[in-house]
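Reader: I would like to practise reading a model feature by feature. Where shall we start?

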Amino acid sequence: MTHAAAVLSQRSWAAAVLWLLVATGPAARAQNQTFDCEDVDHDCAATRDVGRGVSRGGVALLRCFEDGTGADACDLTAALSGIADEQCRSAVECQLRQLAALVGDGSTRCVQELFRQGYKFMATKVRRVQRNRLSRVPDDLARCKDLGGRRCVDPIAPSLTDACVGKTTPVDGAGCVCAAADGLSNRMLLTPPTCTPPAAPAAARGLASAAASGRPNFVFILSDDQRFDTVDATHQSPKRPGPVMPIVTSELVNSGVTFTNGHVTTSLCCPSRTSILTGDYSHRTGVHDNDPPDGGAEVFDDSQTIAIWLHDAGYRTGFIGKYLNGYSSLSPCIPPGYDEWHVQVQVKFYEYDLNDNGTVTHFDSAATDYSGEVMTQRAVQFIHDSAGGRPFFLHVSQKAPHAPAIAYPTDIGLFDGIAPWRPANYAVAPTNGPAWVQSLTWSQKQADSTDAFRIKQLESLQDVDRGVGAIMQALRDIGEDGSTLVIYTSDNGFSLGSHKWKPKTCPYEECIRVPLIMRYPPLVTAPRTDNRFVLNIDFAPTFLELANTQAPSGFVVNGQSVVPLLAGGPVTWRDDLLNEHWNGKIPTNALVKQGRCSTATTTVCKTAADCGSGQTCNIWKYVEYVTSERELYNLTTDPSELNNVAGDPANATLKASLATRLHQLQAQ
Ligand SMILES: [Ca+2]
């Protein structure tokens, strides 16, 4: 049973963006004050005054370092007086002080120079943003690192602090301080969403359909919190042996490419989803978390997304299901780039509001209200409505199997009797693992609840599975199944008790890997698997290539188009990947996965064929934490990540080499 609950109005839209105007009151700028920058992020337009303020504030702090006053006692009031906006002034001061905090007491020429290059880079970045010349920023960053390291001695002493603790070499120190300046300036300058009141859907432009134009349709189907191994038969039901998702298997796996090394670059809903929308790492989107100040729909700069780029290229675009965490604070307004918008205001299986192109309707608790069913109906309708028109891009985002993982009524009980999941790393912390994992406990109660939740996840996936079947049938109905790229994947993995960890966000395989299948008949004529690293940032560039269009000049996309892999010919492809995590119960960390030859550990490899005779290619995972802890696993010999060998002196060269690569990826 449904009923109309609310209708869009200009006033309600204005209320929805009130978060922008939440006053922080007179900004505190007293001396010796610990600044809480979280309240004043994202408050600056990139104007000349802001750029000048960053420079002048940086100079003032530098003088305080030089004359021994120290950063804490340094008064920036005069230096920042040219910035008229109170909140922006506070934001600039906070970011400068955070940067200064990295260099400790700033007592040496070396760390003063690191700080100088950092604030100069921040000021330059303001100008780059102002002039829409973001493509120059990577060069600026490289210059920051280069110049920053030149006047330092090795090791840096007194040592760097905060996030740069342990960076003792000039190269590492400059890399860390400049990367921090990059991140801080993002937080200061990110523009808020351009989410606007919904307009009438754009009229069709009379362009040819996909089949006629040679440009394919795209159907992107995203589940939520689904492990990499829950499409196949790994977790099969004793009541129904075979794949957990039989329809995904028959419709997609059996005619497409299954990427067995699908990964996300951040194992958390909102960061992963914004990376999907932009093709960029979280460290570039600035969306590190699910909630403000550094996450959520309110923080995401939605002015450049794959939907906009494809819409501008003539595509009919639609989003259905779960958008970004915190969208309820923006609804009923609609992000730019979409012709059709059918998004849950509250992301629930029952008892939720659904925003259909700006009209919000409440859904109750009947089986017909089940969100998976309703979203599938919207998806099928979108496809049917696309018949004979422009090529289309449909982004379907289902809530299942996210907690509470409520299954459709007739699926409840299907996985009763399944054996508990007890892999080799179940409830075991890695030997020499970092403090956060060593401190975890795993009680019988946690084991029982995780076992029960696993069953609910597997059962809730059944409705997603049928939804894929309905979508494929709809494509056949309109004769477009042969000219549509269909992708099935998830926004992050799920641990289910490995390493005593139940959910996502961990650096281990269970968290960072996802199911990933692509069906595209024009390039894939027979089913196959591909074990190369394919990431959530790769979807956007893949769509761009097949649509024969590009992101606007100046917008750097980190991901790579998967088209060459689909085509199956020889191709140069990434041999490593970056995964990052911020905040939460797990300390902020970043990892790189890369293969190295067994007796020449600085030689990168994908297979043994890349190494000399008698050698093997070991895939390594190296993790850096802000706590200065490190993890190093040989995934080839220790796939369960049970033995952290980062502390073994024999691995020092390998570790340094992987650290260098990690920092390169973090700077992209
Ligand atoms: Ca998720």
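Author: Start with strand pairing. The model is predicted. Strand β5 (residues 340–344) and strand β6 (residues 352–356) run antiparallel, joined by 3 bridges.

Reader: Which residue stands opposite valine 343 in β6?

Author: Asparagine 355 does.

Reader: How many bridges join β6 to strand β7?

Author: There are 5 bridges between β6 and β7 (residues 359–363). These two strands run antiparallel. Take aspartate 353 as an example: histidine 362 in β7 stands opposite.

Reader: How many residues lie between the strands in the hairpin of β6 and β7?

Author: The hairpin has 2 residues between its strands. Check the backbone there as well. Asparagine 357 takes a positive phi, near 50 degrees.

Reader: Now helices. How do I describe a packed pair?

Author: Two packed helices are described by the angle between their axes and by the distance between those axes. Here, try helix α2 (residues 48–66) and helix α4 (residues 109–130). They pack at about 170 degrees, and their axes are 8 Å apart.

Reader: Are α2 and α4 roughly parallel or roughly antiparallel to each other?

Author: Angles over 145 degrees count as roughly antiparallel. The angle is about 170 degrees, so α2 and α4 are roughly antiparallel to each other. On the α2 side, the contact residues include Val50, Val54, Leu62 and Phe65. On the α4 side, they include Phe115, Tyr119, Met122 and Val126.

Reader: How do the residues of the contact of α2 with α4 divide?

Author: They divide into 9 nonpolar, 4 polar and 4 charged.

Reader: Is helix α9 largely enclosed or largely open?

Author: Count the buried residues. In α9 (residues 269–278), 10 of the 10 residues are buried, so the helix is largely enclosed by the rest of the structure. Among them are Cys269, Pro271, Arg273 and Leu277.

Reader: What do the buried residues of α9 pack against?

Author: They pack against α10 (282–285), α11 (306–312) and α16 (539–546). Look just past the helix too. Glycine 279 follows α9, and its phi is positive, near 75 degrees.

Reader: One last residue. Why does alanine 656 count as partly exposed?

Author: Burial requires 20 or more C-beta neighbours within 10 Å, and 12 or fewer means exposed. Alanine 656 has 14 inside 10 Å, so it counts as partly exposed. Alanine 656 lies in helix α18 (residues 652–666).

Reader: How far is the C-alpha atom of alanine 656 from that of tyrosine 622?

Author: The two C-alpha atoms are separated by 9.8 Å. Along the chain, alanine 656 and tyrosine 622 are 34 residues apart.

Note on methods
Residues numbered from 1 in each chain as written. Predicted model: local features only at pLDDT ≥ 70, side-chain atom pairs only at ≥ 80, totals over all residues. Helix = DSSP H or I, 4+ residues; strand = E, 2+ residues; numbered from the N terminus. Axes fitted to C-alpha atoms, helices over the stretch in contact; angles between N-to-C directions. Parallel < 35°, antiparallel > 145°, perpendicular 65-115°, else oblique. Contact = placed C-beta atoms within 7 Å. Nonpolar A, V, L, I, M, F, W, Y, C, P; charged D, E, K, R; others polar. Pairing = 2+ DSSP bridges.
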